[in-house]
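Here is a short round of questions and answers on one structure. Each answer sets a value against its definition.

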Number of protein chains: 2
Amino acid sequence: MDTGTPAPRRRMRADARRNYERLLTEAADAFAEHGADFSLEEIARRAGVANGTLYSHFPTRRALLEALMRDRMHALASTGAELLAAPSAFDGLASWARTAMTHTATYRGLGAMLMEAIEDETSELHEACNAVLASSEELVERARAAGEIRPDVTASDLYALVNAAAWAGEQSTPAQADRILTFTLEGFRAPSERD
Amino acid sequence: MDTGTPAPRRRMRADARRNYERLLTEAADAFAEHGADFSLEEIARRAGVANGTLYSHFPTRRALLEALMRDRMHALASTGAELLAAPSAFDGLASWARTAMTHTATYRGLGAMLMEAIEDETSELHEACNAVLASSEELVERARAAGEIRPDVTASDLYALVNAAAWAGEQSTPAQADRILTFTLEGFRAPSERD
DNA sequence: AAACATACTTGAGACAGCCTCAACTTATCC
DNA sequence: GGATAAGTTGAGGCTGTCTCAAGTATGTTT
């Protein structure tokens, strides 16, 4: 267990830490309300800081988003681990998918970044994404072993689906996202198991 | 049958028509290669025209994309009508979904615009989207009447799915888009009909 | 507690993209 | 071939990203 605040690498000067954290909270608010492509200048302004300061802490928009997501990503991986204990393998997987979709829906436009981070080795989020992927892999594996899903379903399919559904939700309504997710999970299910 | 080139409202001067068409072809190339958010200034430059000319023909990026898509959208609706004659209602629907997904994948970022156009009455594409939606509605209706899909699947679900899958393809690979589409179509299928 | 070293902040400025509009040019019609 | 409406131009205002030389605050050292 740590402080709850994503920590920069080493010791920081007190003023720097203040600014760093102020920037994170303002960014979180702004991204939540306006999407992940909100103006960085405006975020700096709201944090009461010059834009150069923002860029010195977060060289790219990606870096800022990454700092915001780090903890959440690991939490998501943990949730996956817990759901391995669910009575039904399929339900555990479905439940995880819903949680993951909500997670992606935190900021409009986040899904694209997560999908990118999987491929991009240089992304700080790469490792976190892999942890999430590994965790979902276990859920998929378990459901497959139990014969509850089609044998050709992969963790990548699940993750892509979750993000695609979240995207659909951004474009229309959360309810639509939910419908797509539900139908596709139904499609994952092994034919012999269907209701 | 018309000329094949999307036509502006009324008679145009010869030079204007030349520029209009040049802009369309350059935009089509640029969007196809770099996505639908490619620089409009650069498109004007490539068309050998001042940016003001581009804006006089196409007041917004949307207008430009709409001009590019008009014909294609109606072609998609026609394809839907033809597929109503497919031997299997489900296969007709599935086949249409694949065609529609390929269509959305024409330009990276196009799916978002199409989803927006459905809701937005002021969009020129609104009508075209409705035609597509109506066409897919018939396919869905037919499959439902034949008992080949779940009764709660709607045309909106189908369209959202198609666009979401295309989005997933943009983020990773076309193969991934295809997998998502396939699984979800499987999820649409009525339980009793499954293989 | 003063001075030092340096970590951090600042904001102007280079650059790119979007979009507008007053001045200019040109096709078309008579 | 002149009048006139239609079309074009490109500088300029705006917003946003990102950089860097100069300035400032902090923690440390004596």
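Q: What turn and what shift lay chain A on chain B?
A: This is a predicted model, in which local features need pLDDT of at least 70, side-chain atom pairs count only at pLDDT 80 or more, and totals for chains, interfaces and linings use all residues. A turn of 180 degrees and a shift of 0.0 Å along the axis lay chain A on chain B, with an RMSD of 0.0 Å. Copies are superposed by least squares on the C-alpha atoms of residues with pLDDT of at least 70 in both. The two copies are therefore related as by a two-fold rotation axis. The same surface serves both copies: 100% of the contact residues of chain A recur in chain B.

Q: How are residues, chains and ligands labelled?
A: Residues are numbered from 1 along each chain as its sequence is written, while chains are lettered from A and ligands numbered from 1 in the order in which they are written.

Q: What makes up the pattern of chain A?
A: The pattern along the sequence is α-α-α-α-α-α-α-α-α. Helices (H or I, at least four residues) and strands (E, at least two) are DSSP runs, numbered from the N terminus. By that rule chain A has nine helices and zero strands.

Q: How many residues of chain A are in contact with chain B?
A: 24 residues of chain A are in contact with 24 residues of chain B. Contact requires C-beta atoms, placed from the backbone, within 7 Å. Helices H6 (110-119), H8 (155-171) and H9 (174-188) of chain A each supply at least two residues of this side. H9(A) gives the most, with nine residues.

Q: Which classes make up the side of chain A that touches chain B?
A: There are 13 nonpolar, five polar and six charged residues. Ala, Val, Leu, Ile, Met, Phe, Trp, Tyr, Cys and Pro count as nonpolar, Asp, Glu, Lys and Arg as charged, and the others, Gly among them, as polar.

Q: What makes a residue near DNA strand D, and which are the closest?
A: Its C-beta atom, placed from the backbone, must lie within 6 Å of the strand. 24 residues surround DNA strand D, and the closest are A:Ala14, A:Gly52, B:Ala16, B:Asn19 and B:Gly52. Elements giving two or more residues to this surface include helix H2 (40-46) of chain A and helix H1 (14-34) of chain B. H3(B) gives the largest share, four residues.

Q: What share of chain A counts as buried?
A: Buried means 20 or more other C-beta atoms within 10 Å of a residue's own, with C-beta atoms placed from the backbone. Buried residues make up 42% of the 195 residues in chain A.

Note on methods:
Buried ≥ 20, exposed ≤ 12 C-beta atoms within 10 Å, placed from the backbone. Contact = placed C-beta atoms within 7 Å.
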